[in-house]
Amino acid sequence: MKCRHCGSTHMLPFLDLGTAPPSNSYVNAGERHLPELWYPLVIRCCRECRLVQTEDFADRETFFSSSYAYFSSFSTSWLNHASRYVADMQARFGLTEASHIVEVAANDGYLLQYARERGIGCLGIEPTASTAAAARARGIEIVEAFFGEALGEKLAAEGRCADLMVANNVLAHVPDINDFVAGFARLLTENGVATFEFPHLLNMVHEAQFDTAYHEHYSYLSLTSVRRVFEANGLSIFDVETTPWHGGSLRVFAQRGDTGKHPVTAAVAATFSDEQAAGMLSDAFYTGFQAAAQSVRDGFLTFLIESRRAGLKVAAYGAAAKGNTLLNFSGVKPDLLPFVVDKNPAKQGLLLPGSRIPVVTEEFLKAEKPERVVILPWNLQAEIRQQLSYISDWGGKFVTAVPTLTVHP
Ligand SMILES: [Zn+2]
């Protein structure tokens, strides 16, 4: 395999999860007699540029289905994050009504609605039709496409250069990371700013978050690897912040390498030295991750088997990508975990891909009264534990499997 950034063939093993179906390919109960397609899920680290990346086995179209599109506006805390972001950027970079914001992966307009409220001109780029339609319903102009260098150049030629570009949780999901980043360098104004948020590889490894791996997640990023990709494609980094999202994320601030004038903050050097101190320049940092993933799986399986032997009923909460990765890597089926609860009505009544565990409503949970509820999206556990606090009425306890199996008192 060749590195998607630098073309090197010198790859280190990082994570091999065997095979798994695409994480969003939920099965209709009426189609349970049909086979599912499982693809290898293997992630490697380029020894030259340290970009951690999935090995490609299928086209992007295989993994991006719009049927169960995620609407960002479903999460109140994420909306608050977006609103605060727009206010902070306006104050820091002096955005006015004459400024122009472009968001790549604008989703349902969850963020640009706040730019609009403040009278700042904005444009969203969003390839998924259902979310793009929701953004348009908010009065936000959307270009329905995948972003890259050609689209950046086209919009710049139309005089639509951006003073601020936003890319939240999309950099890790693009197959051609060079082309994607080059588009930002084309579309930014001379002193424009682009911000990128992505889960930090440092946390993924330290917290054994191997279940954040799935086919559509092409890159697992650090400041070290992102700097190389950016510099090779016309961007330079001038600031970085940490955010708690997705188990610990970075927000990187970049400008055009040729014309940007924002001074480089001390946070950039500090984050590089954190990464260096964690060993991210050494091979061992990457090659030791497989053992951590196997240890999580062993703890999870031991818990399920011991619970069954003790006669305890176990259920799960949260039918999302993370859970599917954990369940399929662990080989768990409905005999060990009979149902998963999810509040999204579009998923209720379906079967999880691979494990074929049925997705049920919260009413079903209340009727079954399981003694243990495994929270699969561990990053949302505070919110979920509050929402389902009533399980303590029947002696129920919450369980998380990552980074180590924990039964919460
Ligand atoms: Zn490379």
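These legends go with close-up views of a predicted model.

**View 1. The zinc ion and its four cysteine donors.** Here the zinc ion sits with the SG atoms of Cys3, Cys6, Cys46 and Cys49, its protein donors. If you're checking metal–sulfur distances, expect 2.3 to 2.4 Å. The angles that the four donor atoms subtend around the zinc ion run from 102 to 120°, so the arrangement counts as tetrahedral. For that label, all angles have to lie between 85 and 135 degrees. As a yardstick, the ideal angle for four tetrahedral donors is 109.5 degrees.

**View 2. How the zinc donors are spread along the chain.** Read in sequence order, the donors of the zinc ion give the spacing C-x2-C-x39-C-x2-C. Cys3 belongs to the segment before strand S1 (11-20), while Cys49 is in the loop between strand S3 (39-46) and strand S4 (52-54), so this pair ties together parts 46 residues apart in sequence. As for solvent, Cys3 and Cys49 are both buried.

**View 3. Domain 1 beside domain 2.** Moving on to the domains, the assignment for the protein chain puts domain 1 at 72-286 and domain 2 at 299-408. Their C-alpha centres are 33 Å apart. Each side brings residues to the contact: 11 from domain 1 and 11 from domain 2.

**View 4. What the interface of domain 1 and domain 2 is made of.** Between them, domain 1 and domain 2 bury about 930 Å², and carbon and sulfur atoms give 64% of that area. How many salt bridges turn up across the interface of domain 1 and domain 2? The rule finds zero.

Definitions and conventions
Residues are numbered from 1 along each chain as its sequence is written. This is a predicted model: local features need pLDDT of at least 70, side-chain atom pairs count only at pLDDT 80 or more; totals for chains, interfaces and linings use all residues. Side-chain values use heavy atoms; hydrogens and water are left out. Donors are N, O and S atoms within 2.8 Å of the metal (3.2 Å for Na, K and Ca); water is not among the atoms, so sites may look incomplete. Four donors count as tetrahedral if all angles lie between 85 and 135 degrees; four count as square planar and six as octahedral if opposite donors are over 155 degrees apart and all others between 65 and 115; anything else is irregular. Helices (H or I, at least four residues) and strands (E, at least two) are DSSP runs, numbered from the N terminus. Buried means under 20% relative accessible area, exposed over 50%, partly exposed in between (1.4 Å probe, protein chains only). Domain bounds come from an automatic or database domain assignment. Contact means heavy atoms within 4.5 Å. Buried area is the accessible area (1.4 Å probe) that two parts lose on being put together, summed over both. A salt bridge is a side-chain nitrogen of Lys or Arg within 4 Å of a carboxyl oxygen of Asp or Glu.
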